[in-house]
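Let's take a walk through a protein together. Keep the picture beside you as you read, and turn it around whenever a new residue comes up.

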Amino acid sequence: MAHFPVNHPARPLYRVFAGLVGLYILVFGVWGVVQTWGEPLFARGSHWALGLRTNLAFSLVSVVFGLVLIIGASRRGNLGHVMNLTAGVVFMVTGIAMMSVLQTRANILNFSMSTVIVSLLFGLLLLATGLYDKIGTDEHAERERADRLHPAR
């Protein structure tokens, strides 16, 4: 069974990181929509936004994902925990999948290698934030703290 730390002291910092990733993705998406508006949805042009290549489809998906991540980072319950873990996996899988089709017609999101690298980095960061932002009862957190300070011999 997986163990996720509960009420980690750095939880607010991790949520800020997740919110900043969401904000970057939202701004990237909005900027990309502005630049690619009027182009075909899956165009393979040379449009760049905030250092990443994009098309209208990728920009629209980024706006949605950015909003989802910001909402997840702003919630106090375990919704952000689940959303960050899920988004981390989605970013990792998308990055690897798009890297495998970079030079083919299957590159429908118009990824470049820099976009793949940023996607993988964001995936790792969101997985890390998802691992440490779980919230539990105070009793559960105190029991974990006691186990950490006085491990069984």
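Let's begin with a word we'll need a lot: two residues are in contact, or touch, when they have heavy atoms within 4.5 Å. Take phenylalanine 111: leaving aside neighbours within four places in sequence, it is in contact with Arg53, Phe58, Thr94, Met98, Leu102, Val116 and Ser119.

Before going further, a word on where this comes from. This is a predicted model, in which local features need pLDDT of at least 70 and side-chain atom pairs count only at pLDDT 80 or more, while totals for chains, interfaces and linings use all residues. Residues are numbered from 1 along each chain as its sequence is written, and side-chain values use heavy atoms, with hydrogens and water left out.

**The overall layout**

The chain's secondary structure comes to five helices and two strands. Here helices (H or I, at least four residues) and strands (E, at least two) are DSSP runs, numbered from the N terminus. Following the sequence, you meet them in the pattern α-β-β-α-α-α-α. The C-alpha trace spans about 60 × 30 × 20 Å along its principal axes.

How much of the chain is buried? Buried residues make up 40% of its 153 residues. The word means under 20% relative accessible area; exposed means over 50%, and partly exposed is in between (1.4 Å probe, protein chains only). As for contacts with a separation of 6 or more, 72% of them join residues 24 or more positions apart.

**Two helices against the ruler**

The expected span of a helix is 1.5 Å times one less than its number of residues. H1 has 26 residues and reaches 37 Å from first C-alpha to last, close to the expected 38 Å. H3, with 22 residues, should span 32 Å, and its end C-alpha atoms are indeed 32 Å apart.

Which helices do the buried residues of H3 pack against? They pack against H1, H2 and H4. Those buried residues include Gly80, Met83, Ala87, Phe91 and Met98.

**Some residues up close**

Here are five residues and how accessible each one is.

| Residue | Relative accessible area | Class |
|---|---|---|
| Glycine 22 | 0% | buried |
| Arginine 15 | 11% | buried |
| Threonine 115 | 2% | buried |
| Valine 16 | 45% | partly exposed |
| Leucine 50 | 42% | partly exposed |

Glycine 22 sits in helix H1 (residues 11-36). Not counting residues up to four places away in sequence, glycine 22 touches Gly66, Leu69 and Ile70. Its C-alpha is 9.1 Å from that of valine 63, although the two are 41 residues apart in sequence.

Arginine 15 is found in H1 too. With the same neighbours left out, arginine 15 touches Gly72, Ala73, Arg75, Arg76, Gly77, Asp133 and Ile135. Valine 16 also belongs to H1, and its C-alpha lies 9.4 Å from that of isoleucine 70, 54 residues apart along the chain.

Over in helix H4 (residues 113-132) is threonine 115. Beyond its neighbours up to four places away, threonine 115 touches Leu52, Arg53 and Phe58.

**Cores and a pocket**

A nonpolar core is a set of buried Ala, Val, Leu, Ile, Met, Phe, Trp, Tyr and Cys residues joined through side-chain atoms within 4.5 Å. The largest has eleven residues, among them Phe28, Leu52, Phe58, Met98 and the Phe111 we started with. Apart from it lies another core, of nine residues, including Ala73, Ala87, Phe91 and Phe122.

Which residues lie nearest the centre of the largest pocket? They are Phe58, Ser62, Phe91, Phe111 and Ser119, out of 17 lining residues. H1, helix H2 (56-74), helix H3 (79-100) and H4 are the elements that each give two or more residues to that lining. A pocket, on a 1 Å grid over the protein atoms alone, is an open set of points where a 1.4 Å probe fits, with protein on both sides within 12 Å along at least five of seven lines; lining residues have an atom within 4 Å of a point.

**Unusual backbone angles**

Most residues other than glycine have a negative phi. Leucine 50, however, has a positive phi near 50°, and it is found in the loop between strand S1 (47-49) and strand S2 (52-54). Asparagine 110 has a positive phi as well, near 60°; its place is the loop between H3 and H4. Asparagine 110 is buried, at 1% relative accessible area.
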